[in-house]
Amino acid sequence: MIKRIALIGNPNVGKSSIFNILTKNNVHTGNWPGKTVGNKIGKYNYKSNEYIIYDLPGTYSLVSHSKEEDIAKSFIESDDYDIALVVCDATCLERNLNLVLQTLEINNNVIIAVNLMDEAKKKNIDVDLNKLSKTLNVPVIGTCAKNNVGIKNLLDTIESYEKKDKIKKNKMTIEKINNESSKIASDVVTYHDNNYNKKTRKIDKILTSRITGIPIMIIGLLIIFWITISLSNYPSDLLYKLFNTFGNYLFKFFNKLNINPIITSIIINGLYKTTTWVVSVMLPPMCIFFPIFAILEDYGVLPRIAFNLDKIFKKCNSCGKQALTMCMGFGCNAVGITSARIIDSKRERLIAIITNNFVPCNGRFPTIIAIISMFLIGYSSNNSFLGAVILTIVIMLGITMTFIVSKILSITILKGIPSSFSLELPPYRRPNFIKTIINTLYEKALKILIRAICVALPAGIIIWIFSNININGMSLFEIITQFLDPFGRAIGLDGVIILAFILGFPANEIVIPIMLMGYLQNNTISDYNNLSELKNILVTNGWTIKTALCTIIFSLMHFPCSTTCITIKKETNSFKWMFVSIIIPTLIGMIICFIINLLFIII
Amino acid sequence: MSKIITLDKLKINEIAKVISIDSKCELKRRLEDLGIIKGSTIKCEFTSPFKDPTAYLIKGCTIAIRNDTSKYIKVKKI
């Protein structure tokens, strides 16, 4: 028999952690309310029984305020599950009981998992699980999902649970529910220490203070970038050399086998080089940046960023939670756009979606780092701090642009006043470092490699074909780039860069490789033994500081990648907003690049 | 007996009892779900660098709300 379990609970109580353990999944869990969007479905087997488990988005009650809460509510009201597994936070059980009581009104087939028992113990909070179980007449299991405690007990309880006939109860008013949970909580929870959140408070005082709050955020960003750039330069260079040496052997090997030179050229100059460039230039910075970012996310830093910036967002008639969607955009704009579901107001959600592209995703972020490393500071130099400063300025520019565009949108096509919002600031939690690092590396590195292969390979082939089809003595590649050149020059770029951005529509990771390929079509890459020498390729093709600046700006502000566009269409259910999200950043990027170009000409 | 004030007037580290939430407040129901309801205790914890929003401790959780929401909430200092 298959048992269907619905996982429900307040935001950020560890539903996803329990889901991951039960289904042996490795989805990254954060420490902020709203990390899980949409329904996740998983399966597991236990003692020859099969289980389907639905991870619902966190909700404070079964009265819906947002799109996400609506999903949870309709699912709990449906007959699509057998047991509702309500996950509670042991450190604030009283509020969690509101949802338990509301769930019990709809369905009496409930099991309660009181999670974060370790945290409660640390804070000297005692929860009498037996008493709670007797009071509510449902099984109650204490767990600590992070450390795998209580999971076996939970599995056994689910396994031996006999489904009862559904009894619907009369709905209580929210006041009555609150009183009821207060009564139960005072019966089963004992606080031995009233200063249980002293440590979190202390950190909050520093991270959100009037004087230090904002500077710490900026310095923090700078330090992360510094670590990323200085640690990734060496492995990037090394990988590049290794791939290059291996490529040369491969070339000789192909020649020895007497393989058709055209095929050899496609494989070596097209496939192999684009892919290895993506890997050597993109992989190292991402493998350093994302684990650091994930650790900060696990600590619970993200909601504080939203808290600190809310006033500015409010001034722009939007919502502080937009900061959370921007943080997600660092990983991937498509994810950032989906995460905008945590914003209750439709108008503010649209603003967050349209402006999300001003945060560079994991495709554009390393592109920007690569240009900074390659052109502005040099791979072998020790100037990584300067690189970090430049990168911080670039990111701040993107954030400033987010504010400006949000404001403009809310006084023009998305007119409206800021709506009210509430944001929960979870306690700081020490992440499981090794698990987080390994998970992020595995998830990110693997994703990048797959994307590199899926997109860089065909792009490499297209470039190769373009540069080898000749019309009137000129290759197709030259014809296209020459056509685009005047337009590119007007905004400080050139035809090759524009073509690279266009061909990079499916994945921004490949913009630089395509660019280099374009410049090198009459050259062989084997002349270049390390990444620093790549600067020479750019310089011989007319690159100056201006070109580098404009490429960085255009990379930060241009049309979103194809996946992001599809996600925008899906989330807004309209082509109109998708086009708006394409046009706005592209136009702004072009205008800024045009101005930079003009300034350089005048000066 | 202390006076009834609105929540936005509550200073850092002060504790109050909730008297009522104005029905004009669009977040009324959400705040009630979070435990801000007649009789519950609320403590002002800290504010953001720009003085708005403010974080309150309510039923063991820290919840940030904007000052133009908290002015709908009537409380009595204790």
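**Exercise 1. Find out what chain A is built from and how its size compares with the globule rule.**

Step 1. Chain A holds 24 helices and 11 strands; helices (H or I, at least four residues) and strands (E, at least two) are DSSP runs, numbered from the N terminus.

Step 2. Its radius of gyration is 27 Å, close to the 25 Å that the globule rule gives for 603 residues, so chain A is as compact as a globular protein of that length. The radius is taken over C-alpha atoms, and the rule is 2.2 Å times the number of residues to the power 0.38.

Step 3. The C-alpha trace of chain A spans about 85 × 60 × 45 Å along its principal axes.

Before you go on, remember that this is a predicted model: local features need pLDDT of at least 70, side-chain atom pairs count only at pLDDT 80 or more, and totals for chains, interfaces and linings use all residues. Residues are numbered from 1 along each chain as its sequence is written, while chains are lettered from A and ligands numbered from 1 in the order in which they are written.

**Exercise 2. Locate the domains of chain A and the largest nonpolar core.**

Step 1. Chain A is divided into domain 1 (2-196) and domain 2 (225-419 + 426-602), with bounds from an automatic or database domain assignment. Their C-alpha centres lie 40 Å apart.

Step 2. Look for contacts (C-beta atoms, placed from the backbone, within 7 Å). Here 14 residues of domain 1 of chain A meet 20 residues of domain 2 of chain A.

Step 3. The largest nonpolar core has 179 residues, and A6(A), L7(A), V86(A) and C88(A) have the most contacts inside it. Such a core is a set of buried Ala, Val, Leu, Ile, Met, Phe, Trp, Tyr and Cys residues joined through C-beta atoms within 7 Å; buried means that 20 or more other C-beta atoms lie within 10 Å of a residue's own.

Step 4. Helix 10 (residues 261-299) of chain A gives the most to this core, with 10 residues. Both domains of chain A give residues to the core, so it lies between them.

**Exercise 3. Trace the open sheet of 7 strands.**

Step 1. Follow the order 9(A)-5(B)-4(B)-3(B)-2(B)-6(B)-1(B), with antiparallel pairing. Two strands pair if DSSP finds at least two bridges between them.

Step 2. At the edges, pairing on one side only, are strand 9 (422-425) of chain A and strand 1 (4-6) of chain B.

Step 3. Inspect one pair: strand 3 (residues 41-47) and strand 4 (residues 54-58) of chain B share 5 bridges in the antiparallel sense. T47(B) stands opposite T54(B) in strand 4 of chain B.

Definitions and conventions:
A residue is buried if 20 or more other C-beta atoms lie within 10 Å of its own, exposed if 12 or fewer, and partly exposed in between; C-beta atoms are placed from the backbone. Two residues are in contact if their C-beta atoms, placed from the backbone, lie within 7 Å.
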